[in-house]
Amino acid sequence: MAAEVMLMNEIELTAAHMGIDLNIDFNSIQLPPGEDFGIISDHEDVYHDDQLEFDSGFGNIIVVDNLPVVPREKFEKLEGVIRKIYSQIGVIKEDGVWMPTDPETKKTLGYCFIEYNTPQEAELAKEKTNGYKLDRSHIFAVNMFDDFDKYMRVPDEWATPEIKPYTPGENLQKWLTDEKARDQFVIRAGTDTEVLWNDARQSKTELVYKRTYWTESFVQWSPMGTYLATVHRQGAAVWGGATTFNRLMRYAHPQVKLIDFSPGEKFLVTYSSHEPSNPRDANRVVINIFDVRTGKVMRDFKGSADEFAIGGAGGVAGVSWPVFRWLGGKEDKYFAKLGKNMISVYETETFSLIDKKSLKVENVVDFSWSPTDPILALFVPELGGGNQPARVSLVQIPGKEELRQKNLFSVSDCKMYWQSNGDYLAVQADRYTKTKKSTYTGFELFHIKERDIPIEVLELDNKNDKIIAFAWEPKGHRFAVIHGDNPRPDISFYSMKTAHNMGRVSKLTTLKGKQANALFWSPGGRFIVLAGLKGFNGQLEFFNVDELETMATAEHFMATDIEWDPTGRYVATSVTSVHEMENGFNIWSFNGKLLYRILKDHFFQFLWRPRPPSFLTPEKEEEIARNLKKYSKKYEAEDQDVSLQLSEQDREKRRMLKEEWDKWVSEWRRAHEEEKLERQKLRDGEASDEEEEYEAKEVEVEEVLDVSSEVLFEE
């Protein structure tokens, strides 16, 4: 401090010597209107927000109330009990427990302060011990020390809140009314994030909105495309609007790493992981569930990473994401989490467990929701060396009634795939051979919507083939399987119902020796891209499953990602920054025609903007399909107009090129005329520039290049 004072004294002496007055009235300094000298706040609206609450620096201290009131001789015993309880949760600082006493009676006052090393440990202690029953008469009430200042600011008298006049909000779905029926997508490259129209007719993009440093890690669309979410150190934010992207809501969650929307966009789940003060402890996980529109925390979950790991078992380093899995549909009625020997199912009306208890399932390791119905499919592996077989069960929620169960013998692994309408469930079961030295794969196919949920068994022609990929046709009854060994596996297509066989699965065809390891169905079904990513260097085959024929083959070298637009008209393939070269994306038509290509250095993300489900009934959609020719006339006329427009643009381009050429020729002729006298001088007075007026003569010219002498013979 003395050094700082001396330094300031030196500055004052120097200023006095130079005649500089250091007594400046900073309030009198005014910047020119609209000038910020290039220093722009990242959150420009902070000055318009309500008064901010600043961290008082006591976030690592908790207050424990309802302790026994004891005399001084029992003080150490009570402190020992408190330390034993609270040191299990985190590291308490030295002299970090303080119990005030009454100066007159010398007894404790019934509460204490506990200081941890980190605020995260203090929050966890509050979460774990608030309501802890020490004995029949003493139930702990635990609060954060920082909360008391907030409680003290509550006014003594209630005041009627100000009612603000209603102002209608923006139409967040206005982008769906685009006259050209285009789709949007978002890209991230370098520090820029851009939202663009896919103007495929013009073979180009059209900018909607661009912002630098819009997010600190990634962006994510909500499931129906209403919001674009960004992630920051302080939390997450959602953006949207009728004509541009305004920030609609912020969600405070320090060091947030992952986010997930509920299917109906009502809730946003945020996740963060924090390192403990004791290196031997597991990371502490914080998960918040926010109401998307209000920004209110509906429920939070806190605990060690082990509690949120797959199966809830200790020793698993990673956390399965999303931790909470939602029932499909707009209602957002249920969400569930996998735990140790249980599945915890919550309802969003109160954000509590259904029937106030979890679904007990011994050794359950996986589950998934039906996309449309409140049905859980769960998998339990075999136990006791095979004495108790593995099983897949279907459980109805909220009644927790088991609808169907299938025992699976000699199973080493199991994967479950729901069809998008919830009509079928495919269970891929890897089974041991009798020798236990190898495995083979089969499928159990559940007909969910049929009476008693019948199950079919499907084995490949060569049951020893390795399954590389499986994918259902969206809204359809077909599925595709890549099977066999690299580098050229086979691809088989199956149908759950055909004209000749309505009740049994049947194979449609097998494509032999394809360079593919991933399947990408069109959202509307019928078409599929057979893709060779990673080791196959971006091989693409556009296949029509109705006609069982290849429409086109192509390549996007080093492609890392493939995504259909939500209408099934276009396909985007991209090369992200995992590769150093050829970063950017290609846009293809559904039948494999390359429409345009855009290169972007340091390319990170490409995401189509999802569309909400159609309001049309299935009957109306069938009617449109039957009368497609009638509806298509309008769009064919529009396409013709676009073609004429493009032709006109080409003609205009050629006309401009011709005008540019004529201008150059005119300039050349002018210069040629100006240099005429110079040319006459060079021709000894000949005035003509016509070549045929000159007579060409050949003249031989002899020139001595070198002379040398050599003595050939000397006597």
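This is a guided tour of the structure above, stop by stop, with a suggestion of what to select at each one.

**Before you start**

The model is predicted, so local features are reported only at pLDDT of at least 70 and side-chain atom pairs only at pLDDT 80 or more, while totals for chains, interfaces and linings use all residues. Residues are numbered from 1 along each chain as its sequence is written, and side-chain values use heavy atoms, with hydrogens and water left out.

**Stop 1: the whole chain**

Show everything as a cartoon. The protein has 7 helices and 43 strands; these are DSSP runs numbered from the N terminus, with helices being H or I of at least four residues and strands E of at least two. Of its 715 residues, 38% count as buried. Here buried means under 20% relative accessible area, exposed means over 50%, and partly exposed is in between (1.4 Å probe, protein chains only).

Now switch on a surface. About 44600 Å² is exposed, and carbon and sulfur atoms supply 51% of it; accessible areas come from the Shrake-Rupley method with a 1.4 Å probe, and for residues only the protein chains shown count as cover. Among contacts (heavy atoms within 4.5 Å) with a separation of 6 or more, 45% are between residues 24 or more positions apart.

**Stop 2: helix 3**

Select residues 119-129, which form helix 3, and colour E121, A122, L124, A125 and T129, which are buried. Look down the axis: these buried residues fall within an arc of 165 degrees, so they line one face of the helix. The arc is that of the directions from the helix axis to the C-beta atoms. As a reminder, an α-helix has 3.6 residues a turn, so residues three or four places apart point the same way.

What do the buried residues of helix 3 pack against? Add strand 1 (61-65), helix 2 (75-86), strand 3 (111-116), strand 6 (141-144), strand 16 (284-291) and strand 17 (297-304) to your selection, and you have the partners.

Then visit both ends of the helix. At its start, a side-chain oxygen of T118 comes to within 3.2 Å of the backbone nitrogen of E121. After helix 3 comes G131, with a positive phi near 90 degrees.

**Stop 3: F148**

Move on to helix 4 (residues 145-152) and pick F148. At 35% relative accessibility, F148 is partly exposed. Leaving aside residues up to four places away in sequence, F148 touches V63 and N143. V63 is 85 residues from F148 in sequence, and the two are 9.5 Å apart in space, C-alpha to C-alpha.

**Stop 4: salt bridges**

A search of the whole structure finds 35 salt bridges, each a side-chain nitrogen of Lys or Arg within 4 Å of a carboxyl oxygen of Asp or Glu. Here are some to display:

- K93 and E115, with their closest N and O atoms 3.5 Å apart. K93 lies in strand 2 (residues 92-98) and E115 in strand 3, so the pair ties together parts that are 22 residues apart in sequence. K93 is partly exposed at 30%, and E115 is partly exposed at 26%.
- R569 and D183, with their closest N and O atoms 3.0 Å apart. R569 sits in the loop between strand 39 (561-564) and strand 40 (570-575), and D183 in the loop between helix 4 and strand 7 (184-189), 386 residues apart. R569 is partly exposed at 29%, whereas D183 is buried at 1%.
- E473 and R478, whose side chains meet at 2.8 Å, N to O. Both E473 and R478 are buried.
- D178, K180, R182, D199 and E206, which salt bridges with shared partners join into one network.

**Stop 5: T230**

Select strand 11 (residues 228-232) and centre on T230. Is T230 buried or exposed? T230 is buried, with a relative accessible area of 0%.

Next, show the side chains of H232 and W239. The side chain of T230 makes a polar contact of 2.8 Å with that of H232, and another of 2.9 Å with that of W239. A polar contact is a pair of N or O atoms within 3.5 Å; within protein, one must be able to donate a hydrogen and the other to accept it, and residues adjacent in sequence count only if both atoms are side-chain atoms. Beyond four places in sequence, the residues touching T230 include W214, T215, F218 and V219.

**Stop 6: a tryptophan patch**

Finish on the surface with W661, W664 and W668, which make a nonpolar patch of about 440 Å². Patches are made of residues with over 30% relative accessible area and no salt bridge; like charges are joined within 9 Å, and nonpolar side chains (Val, Leu, Ile, Met, Phe, Trp, Tyr) within 5 Å. W664 belongs to helix 6 (residues 628-674) and is exposed at 52% relative accessible area.
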